[in-house]
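Biologist: Could you walk me through this one while I have it open on my screen? I would like to go piece by piece.

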Amino acid sequence: HPTKRPVIIIVPASLKLNWKKEAQAWMDNPKVQILSGTKPTTPIVGEIIVINYDIIKNWVDELIKIKPQVIVADEAHLLKNSKTQRTKAVKKLSKGVPHVIHLTGTPIVNRPVEIVNSVQMIDRSVIPNKWAFLHRYCGAKHNGFGWDFNGASNTQELHELLTNSILIRRKKKDVLKDLPD
C-alpha cells in the first residue's frame with residue numbers, strides 16, 4: 001500500500017534498524033521514524049513508524065492519535081497470548097485500521113489456539129466466534145475445573161480455512177531466487 005500512511009511496523013527490538021534500512025533500500029526517500037523509550041515524549045512525525053513490542057504498551061494511545069492506515073506486525077507469533085501487555089496493546093492499536101498485516105515464519109508455534117489473536121486482528125470475519133473456533137479446532141476438553149484448549153482438532157479444515165482466507169505461505173525453496181542477497 002504505497003500511498004497508505006502512516007504505517008506502524010511493530011517488531012522485536014533487534015529488528016528496528018533493519019526495517020529502517022530495508023525501507024530506505026526499497027523505497028524512494030521514506031520518512032522513517034524509530035520510536036524508543038518507555039515514555040512517549042518524542043512527537044510522532046514519520047510516515048513509517050517502527051516500534052518494538054517491548055514498548056508498544058507505553059505508546060499505543062499516542063499511535064492511535066495519528067490514525068494509522070497500515071499496521072505490520074513482524075514475528076506476529078509473539079501475539080499468541082491474549083493476556084500479555086503487548087498483545088493487548090497491538091489489539092487496541094489494530095482496531096479500525098484498514099490494513100493489518102502479520103508476518104511470521106511460525107504462525108502456530110505449538111497449538112491452534114495461538115493463531116486466534118492474529119487472525120482476529122487481520123480479519124475478524126475469519127473467526128467471528130472465538131468460542132466456536134476453540135471448540136472446533138483446539139481439541140476442547142472439559143477437565144472438571146474448566147475448559148482446556150491446548151489440543152488440536154480438525155487441522156486439515158483449519159488449514160483450508162486459513163489458506164483460503166488470510167494466510168499466504170511461501171516456502172524458501174520456492175522464493176529464494178526472488179530474494180535479495
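Modeller: Gladly, and please keep in mind that this is a predicted model. A good place to begin is Ile-34, which stands opposite Val-50 in β3.

Biologist: How many bridges join β2 to β3, and do they run parallel or antiparallel?

Modeller: Three bridges join β2 to β3, the strand of residues 48–52, and the two run parallel.

Biologist: What is the strand order in the sheet?

Modeller: The sheet is open and has five strands in the order β2-β3-β1-β4-β5, with parallel pairing. Its edges are β2 (32–34) and β5 (99–103), and each of these has a single partner strand, so one side of each is left without a neighbour in the sheet. On average, neighbouring strands are turned by 15 degrees against each other, if direction is ignored.

Biologist: Which strands does helix α1 touch?

Modeller: Helix α1, residues 16–26, packs on the sheet and touches β1 (7–11), β2, β3, β4 (70–74) and β5, while its direction makes about 175 degrees with that of β2. Helix α2, residues 56–65, lies across β1 and β3 and runs at about 155 degrees to β3.

Biologist: Switching to the helices further along, at what angle do α5 and α6 pack?

Modeller: Helix α5 (residues 130–137) and helix α6 (residues 155–163) pack at about 135 degrees, with their axes 9 Å apart. That angle makes α5 oblique to α6.

Biologist: And which residues make the contact?

Modeller: From α5 the contact is made by Phe-133, Arg-136 and Tyr-137, and from α6 by Glu-157, Leu-158 and Leu-161. These residues divide into four nonpolar, no polar and two charged.

Biologist: Let's talk rings: how many aromatic pairs are there?

Modeller: The count comes to four aromatic pairs. One of them is formed by Phe-133 and Tyr-137, a tilted pair with 5.1 Å centre to centre and 50 degrees between the planes. Both residues lie in helix α5, four residues apart, which is about one turn of the helix.

Biologist: Are Phe-133 and Tyr-137 buried or exposed?

Modeller: Both Phe-133 and Tyr-137 are buried. For Trp-147 and Phe-149, the ring centres are 6.2 Å apart and the planes are at 10 degrees, so that pair is stacked.

Biologist: What about the accessible area of Trp-147?

Modeller: Trp-147 has a relative accessible area of 41%, so this residue counts as partly exposed, whereas Phe-149, with a relative accessible area of 14%, is buried. Together with Trp-131, Trp-147 and Phe-149 form one aromatic cluster.

Methods:
Residues numbered from 1 in each chain as written. Predicted model: local features only at pLDDT ≥ 70, side-chain atom pairs only at ≥ 80, totals over all residues. Heavy atoms only, no water. Axes fitted to C-alpha atoms, helices over the stretch in contact; angles between N-to-C directions. Parallel < 35°, antiparallel > 145°, perpendicular 65-115°, else oblique. Contact = heavy atoms within 4.5 Å. Nonpolar A, V, L, I, M, F, W, Y, C, P; charged D, E, K, R; others polar. Pairing = 2+ DSSP bridges. Phe/Tyr/Trp six-rings, centres within 6.5 Å; stacked < 30°, edge-to-face > 60°. Buried < 20%, exposed > 50% of the residue type's maximum accessible area, 1.4 Å probe, protein only.
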